[in-house]
Amino acid sequence: MAIPADLDPAKIQAALRSRLIGRPLEVLGEVASTNDLVMAAGRAGAPEGLAVLADRQTAGRGRRGRAWASPAGVGLYTSVLLRPGRPPGRASLLTLVAGLAVAEAIQEVAGLDARLKWPNDILVGGRKLAGILCEMASLDASVSYVVLGIGINVNHGSRDLPVDLFPEATALSLTTGRTIPRGDLATALYNALDRWYAAFCEGRTEAILALARQRSATLGRPVVVLAEDGQWRGLAVDLDDDGALLVQEDGGGLRRVVASEVSIREALAR
Ligand code: ATP
Ligand code: BTN
């Protein structure tokens with residue numbers, strides 16, 4: 001399938017300033033899910049930094065197998081292979097790392113102030129514009145690889161978003177009134193991810209957490225925590241060192257919330 005002009009791989013590669021991310025880069029037409037492709041590449045020994053970018057996904061997914069709408073020509077769908085060589089638990093910080101990179105790329109290319117809804121959504125004007133799917137595989141106790149999947153709504157018309165997502169979801173075009181070349185956004189994203197992943201590898205956790213706190217749409221808000229065994233309410237107060245959310249439970253104590261276990265909804269003011 002032909003690659004649309006705004007995803008020209010030669011142009012993206014020429015503008016890359018990254019040391020690691022997007023080297024190599026594979027741009028494809030239609031795929032099932034870029035995360036599936038990169039998970040398989042990770043298993044097969046592909047190098048850290050590999051990025052796969054697709055024009056369209058037929059089986060794009062979010063957390064817990066939920067569908068991610070991935071129409072052709074309008075969205076950015078990419079997955080990046082990382083080999084952080086750290087215990088997988090610490091890698092939950094990587095969702096924050098990706099969120100910061102997405103927010104910076106959006107700022108650079110579209111001039112918009114993006115916020116991070118813990119753990120994996122990126123909001124503009126309170127609406128969901130992008131999401132991150134961080135998956136990891138442990139090959140043995142010490143070696144693992146991580147796939148960071150990123151989906152951004154870029155040039156959607158209101159009819160390109162499924163009706164049940166509208167108006168809770170948005171796209172750069174719907175917010176700015178402009179068409180954004182997807183390749184420019186991909187380049188900015190890989191360059192920003194390169195910087196933030198370097199910070200992660202160098203152990204500059206405080207710098208990551210400080211920016212993530214500043215960009216957070218969740219901290220300071222009353223939340224409902226939906227866990228497997230029921231739901232409870234509290235106030236989102238901080239991020240823990242490993243990226244977990246710290247929630248002051250109503251009438252209770254401080255509880256750590258780990259991304260893989262819960263959904264967070266904003267509670268109406270009490
Ligand atoms: P949670 O709080 O559990 O993370 P979520 O709504 O963020 O809830 P995810 O699994 O993280 O759920 O994200 C997938 C959800 O995102 C889908 O169920 C759908 O509601 C929404 N979604 C799917 N495609 C898009 C899209 N292109 N743009 C915005 N939102 C989308
Ligand atoms: C979410 O909000 O739950 C995360 C959505 C992640 C979507 C991206 S698109 C590229 C990559 N491939 C997928 O199948 N999912 C991620």
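The following dialogue asks how the terms used for two ligand sites and two residues of a predicted model are justified.

Student: What should be known about the model and its numbering?

Tutor: This is a predicted model, where local features need pLDDT of at least 70 and side-chain atom pairs count only at pLDDT 80 or more, while totals for chains, interfaces and linings use all residues. Residues are numbered from 1 along each chain as its sequence is written, chains are lettered from A and ligands numbered from 1 in the order in which they are written, and side-chain values use heavy atoms, with hydrogens and water left out.

Student: Why is Ser-70 called buried or exposed?

Tutor: Buried means under 20% relative accessible area, exposed over 50%, and partly exposed in between, with a 1.4 Å probe and protein chains only. Ser-70 has 6% relative accessibility, so it counts as buried. Ser-70 is placed in the loop between β2 (51-57) and β3; helices (H or I, at least four residues) and strands (E, at least two) are DSSP runs, numbered from the N terminus.

Student: What makes the pair Ser-70 and Gln-57 a polar contact?

Tutor: A polar contact is a pair of N or O atoms within 3.5 Å; within protein, one must be able to donate a hydrogen and the other to accept it, and residues adjacent in sequence count only if both atoms are side-chain atoms. The side chains of Ser-70 and Gln-57 are joined at 3.0 Å. The Ser-70 side chain also reaches the backbone oxygen of Trp-68, at 2.8 Å.

Student: Which class does Leu-268 fall into, buried or exposed?

Tutor: Because its relative accessibility is 74%, Leu-268 counts as exposed. Leu-268 lies in the segment after β12. Its C-alpha atom is separated by 31 Å from that of Gly-60, 208 residues apart along the chain.

Student: How many residues surround ligand 2, and which are the closest?

Tutor: There are 20 around ligand 2, and the closest are Ser-33, Thr-34, Gln-57, Arg-61 and Lys-128. A residue is near a molecule if one of its heavy atoms lies within 4 Å of it. By class, this shell has four nonpolar, 12 polar and four charged residues. Ala, Val, Leu, Ile, Met, Phe, Trp, Tyr, Cys and Pro count as nonpolar, Asp, Glu, Lys and Arg as charged, and the others, Gly among them, as polar.

Student: What polar contacts does ligand 2 have?

Tutor: A polar side-chain atom of Ser-33 is 2.8 Å from an oxygen atom of ligand 2. The Thr-34 side chain has an N or O atom 3.1 Å from a nitrogen atom of ligand 2, and for Asn-120 the value to a ligand oxygen is 3.3 Å. The protein covers 97% of the 420 Å² of accessible area that ligand 2 has on its own, by the Shrake-Rupley method with a 1.4 Å probe.

Student: Which element gives the largest share of the shell around ligand 2?

Tutor: That is β6, with four residues.

Student: Which residues come nearest to ligand 1, and what contacts does ligand 1 have?

Tutor: Of 17 residues around ligand 1, Arg-66, Asp-121, Asn-153, Ser-263 and Arg-265 come nearest. Polar side-chain atoms of Arg-63 and Arg-265 each lie 2.9 Å from an oxygen atom of ligand 1, and one of Lys-128 lies 3.1 Å from a ligand oxygen. The protein covers 86% of the 610 Å² that ligand 1 exposes on its own. Its shell has six nonpolar, four polar and seven charged residues.
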